[in-house]
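Colleague: Could you walk me through this one slowly? I would like to begin with how its strands are put together.

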Amino acid sequence: MPGKQLHGKVALITGGAGGVGRATALLFASEGAAVAIVDLNLKAGQQVAREISRAGGRAIFERADVTRPADCRRAVERTVREFGNIHILFNNAGIIRRASVVEISELDWDAVMAVNVKSIFLMCREVIPIMVRAEGGSIINTASGWGLAAGPRAVAYCASKGAVVLMTKAMAIDHGRQNIRVNCICPGDTDTAMLRSEARQLGEAEDRFLADSARRPLGRVGQPEEIAHAALYLASDAASFVTGAALVVDGGGLAGSG
Amino acid sequence: MRLEHKVALITGGTSGIGEATAVLFAKEGAKVTITGRNENRGHAVAERITNDGGKAIFIRSDVRRAEECRRAVDETLRVFSRLDILFNNAGVFHPHTILDCTEEEWDLQMDINLKGTFLMSKAALPHMIERRRGVIINNSSGWGIAGGDAAVAYCASKGGVVLLTKAMAIDHGPQGIRVNALCPGDVDTPMLPEDARLRGLKWQDYLAGCTNRPLGRIGTTDEIAKAALFLASDDSSFMTGAALVVDGGGLAD
C-alpha cells in the first residue's frame, strides 16, 4: 500500500526480540517495511518474525551477538540477500547494569560498552556502504534520557548512552552529504523487561520501583509502542530534514532539574 | 488521517511554516483556525484549505495583545466547539548585535516570539485543562539552543521559548497536556531573504552559508510542518517538555 509510511523500505532492528525493538518491528512491518530482526534471543526473535508474517508482513529473524563483527556482517548480508537492500537501521540492542563506579566490575563495564556503543560502530560500518550505494538511508540509535543527564548507580550505562548521543552527531556530520540521516532517541523509563530488571539489580520491590519511575510530568512510564512511533517518525520521510538530533521521549522527565 | 476530529489553532498561519502546517493539519482531518496580522494572506490560506475540502477560518489577531489572544480562542471554541492543538508559531526576526538593536526592535521580538506564546497559552489552557487533554507546540529555533551572529533579541526570545516550553510541560503534564518546542534550522520562508536583505548580503552568498550543514541544503516549510504534525498527533503521546531539532544536522557540530 503506497499510503503506508515505510512502503518499499527494508529495516534492520537490533534487539528486536523484545521491548522497544519488538514494538518497532511490529510497527514498521505494519507500515509496509520488510523487517530483519536481529537478537541473541532465538525463541523470542523467531516469535516476533512469525507474528509479523501471520499478519501479512515480511520479516526474518537472524540470531546474532551484535558485539561480534562476524555476527554483524552475517546479519547484514542475510538481510540484503533476503530483501535486496537496507534503508533503515535501528541500533536498539542495549543492556543496563545498575552499579556505581566502585561497585561495577570491569567485565560488566566492558559488556555495557560493547552492547550499547560498539555494536553501533560494528553495524554502521556494515550498513553505511549499502546506504551510500542506495543514495540514502536513516539510522536510528537508541540512546537514553540518561545519555543527556545522569542517574544514580548506572555509571557504565550513562557513559555508554552519552557516547551514543555524540556518536550519532558525529556520524550525522560525516554522512549527511550522502543523504544518510543519523538520529537517536532518548527514551525515559519505558515498560519493558529491562526496566523491571533494574528493580531486581537494585534490590527494590518492583511495584515501588515502577511507581518511582512514573514520577514525571505525564505521571506514568512509557509504552514500547510510544518509542516505536518516535522511531517511525525518524525512519520515515516525514523527518527528511532531521539529522544529528536526540529525540527525547520521556513524558517530561528531563524538562526540569529534578 | 492522523488529526481527525481535532481542532488546531495556528498563530502566524498566514505564511511560511504556519501556512504549510495549517494546510497539512487540514489535510490530516483537523479543523484549523489561522491567526495573524495580515488579513489578505490569512483569508487566502483559509480559502485554499476550504477549496481543498478542509475546514478553516482566519481570525485577525495580534499575539502581543491578551484580549486578541482570548478572542482568537473564544472564536475558535464558538465555531469548532473545542481546541485540541495550539501551535504558537508567530515570530519575527531582526538581525542585530546588542549594540545596534534598538529597544523597539528588542521589544517587538520578545513580545511576538516569547510573550505571544505566553499569552496564547494562557488563553487556551483553561479549556484544555477542563477537558484534561491538549497539545501545545511552540516554534522556537536552532538559535534557541545555540547562539547565532547578530541575532541577540531573536536568540533571547527563542531560548526563552525552549525553557517556557519545559516549564509549562512540568506544570500541565499532570493535567494531560503535552507541551513541546520545535527548533527548525534555516527554512525556505520569506524570513530568509528578508534577513539577507537586512544584512546587506547577496542572496546567493547568504544561501551558501545557510546550506553549509550536513544535509547540504535548507529545509522546506513542509518538513517543519511534518515535525509539527508528529508533535500534534498521538504518535508522540509520551513526549513532553522536549525540543525537537529539525535542522539538517546544523546543530550536530
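Modeller: Before the strands, one term: two strands pair if DSSP finds at least two bridges between them. Please also keep in mind that this is a predicted model.

Colleague: OK, so how many bridges join E4(A) to strand E5 of chain A?

Modeller: Four bridges join E4(A) to E5(A), which covers residues 137–142, and these two strands run parallel. Within this pairing, Asn91(A) stands opposite Asn141(A) in E5(A).

Colleague: And which strand does E1 of chain A join?

Modeller: Strand E1(A), residues 10–14, is joined to E4(A) by three bridges, and they run parallel; here Leu12(A) is the residue opposite Leu89(A) of E4(A).

Colleague: Are the faces of E4(A) covered or open?

Modeller: Both faces of E4(A), residues 88–91, are covered, with Ile88(A) and Phe90(A) buried on one side, and Leu89(A) and Asn91(A) buried on the other.

Colleague: What do E4(A), helix H4 and E5(A) make?

Modeller: Together with helix H4(A), which spans residues 106–133, the strands E4(A) and E5(A) make a right-handed β-α-β unit.

Colleague: Switching topic, where is Asn179(A)?

Modeller: Asn179(A) lies in the loop between helix H5(A), residues 155–175, and strand E6(A), residues 180–187. Leaving aside neighbours within four places in sequence, Asn179(A) is in contact with Glu135(A) and Gly136(A).

Colleague: Why does Asn179(A) count as partly exposed?

Modeller: Asn179(A) has 18 C-beta neighbours inside 10 Å, so it counts as partly exposed, because a residue is buried at 20 or more and exposed at 12 or fewer.

Methods. Residues numbered from 1 in each chain as written. Chains lettered and ligands numbered in written order. Predicted model: local features only at pLDDT ≥ 70, side-chain atom pairs only at ≥ 80, totals over all residues. Right-handed = clockwise from strand over helix to strand, strands pointing away. Contact = placed C-beta atoms within 7 Å.
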